[in-house]
Structures are given as structure tokens and as C-alpha cells.
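Me: I would like a close look at a single part of this model, the sheet, with the pairing of its strands followed step by step. Please explain each term as you go, since I am in my first year.

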Amino acid sequence: MAKKEIVAGRNIYKLEDGQNVIYDRFSKAAYIVKDKHASQLNYYSNRYIVALVLGILIATFNVNIFICIAAGVLALVISEYKYRKFLDTLTQVPNFDIQKYHKVSRLDGIVKEGNKGRAALLALLYLALAVLIVLNGIMQNHAMYMLAIEGIIAIVAIYFAITNIIAIFRMK
């Protein structure tokens, strides 16, 4: 049996009947997310990070910085376009008031999933990413702006690691 995807994260809300809703702050619209759409939504929720990491990854091959930026921007534009097309396939919730509903945080989703082993492994991998991306930048003698971007990625990775560690302690 396939594992059930948990819908949680930024701009995710739970309706009274248990349905998950994603609120798009740009269009000020809310959409119902059914279980069959959960994995697609989880993929698209990381589109900004994926584009940034793609740009950094290409930069490690000593490619011109403008090509790195163009590749990251292109990846972001394509994924944003696909995300908007994906939202169009979902059922829209009219007159959605975000103040009335409970937000489902990423931490809540990890706890609800209840997989301590996966959370521990992700925490370790995020910590490894944080350390290795900075070490790679230092060892490759990257420019200061690249080191700053890699530092930001490291901070985000540490945040995700801490989130997973906190979730482990909240699991029953």
C-alpha cells in the first residue's frame, strides 16, 4: 500500500470537514487539495528552493554567473508556470477567509506523518547539506556573493533540520 501524502506547509489550511486548502497569496484565491494532489503540491511547494539550488549547483562547475542566474530563473519561471496550471485544475473556494481556519504548518505535517526514522534521516541530511555547501564554497574559493548565497541555503537547511528534530520530540 502506498503511503499517504501529508498536506502541510505555508498557506495550507484545514476546513471544518477536514479538507485541505491552499491559499494563493498572489491571486488571493483558495483551492481545495484532494489526497491525489498532495504529492504534486509538495513538489511545487519547493520550487523556489529547487531553482536556487540549481543555480548554485551549476555555479560549482565554474560556469559564468549570468548562465547560473539564467538557469535558476528559467527553472523558476517554468515551475511557477506549471504550478499556476496545477492550481487551475483544483476546485476554487469562494470567499475564503484565512482568519477563520486553522493553519497546518510543516511541523504539524511531519508530526502527523509519525515517521521518526524518516524525520531523523532528513534532519541529518539537512545538517550535512548545510555544512557541505559552505565547505564546498570555501574549498572552491567562491566569490563573496556566492558564499553569502550558500550561507543562506545553509541557514535554511539548518532550519529544516531543527524542524525535523522538534517533530521527533513531538511524535508519540
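Reply: His102 in β5 is the bridge partner of Lys14, and this pair belongs to the link between strand β1 (residues 12–14) and β5, which run antiparallel and are joined by 2 bridges. Strands here are DSSP runs of E with at least two residues, and helices are runs of H or I with at least four residues, both numbered from the N terminus; two strands count as paired if DSSP finds at least two bridges between them.

The model is a predicted one, in which local features need pLDDT of at least 70 and side-chain atom pairs count only at pLDDT 80 or more, while totals for chains, interfaces and linings use all residues. Residues are numbered from 1 along each chain as its sequence is written, and side-chain values use heavy atoms, with hydrogens and water left out.

Taken as a whole, the sheet is open and has 5 strands in the order β4-β3-β2-β1-β5, with antiparallel pairing. Its edge strands are β4 (91–93) and β5 (102–103), each of which pairs on one side only.

From β1 we can move along to β2, since these two strands pair in the antiparallel sense over 3 bridges, and within this pairing Ile12 stands opposite Ile22 in β2. The hairpin that β1 and β2 form has 5 residues between the strands, and in this hairpin Gly18 takes a positive phi near 90 degrees.

On to β3: strand β3 (residues 29–33) runs antiparallel to β2 and is joined to it by 5 bridges. Ile22 appears again here, for its bridge partner in β3 is Tyr31. The hairpin of β2 and β3 has 4 residues between the strands, and Lys28 takes a positive phi near 60 degrees in it.

How many residues of strand β2 (residues 20–24) are buried? The strand is mostly covered, with 5 of its 5 residues buried, where buried means under 20% relative accessible area, exposed means over 50%, and partly exposed lies in between (1.4 Å probe, protein chains only). Both faces of β2 are covered, with Asn20, Ile22 and Asp24 buried on one side and Val21 and Tyr23 buried on the other. Ile22, then, is a buried residue of β2 that stands opposite Ile12 and has Tyr31 as its bridge partner in β3.
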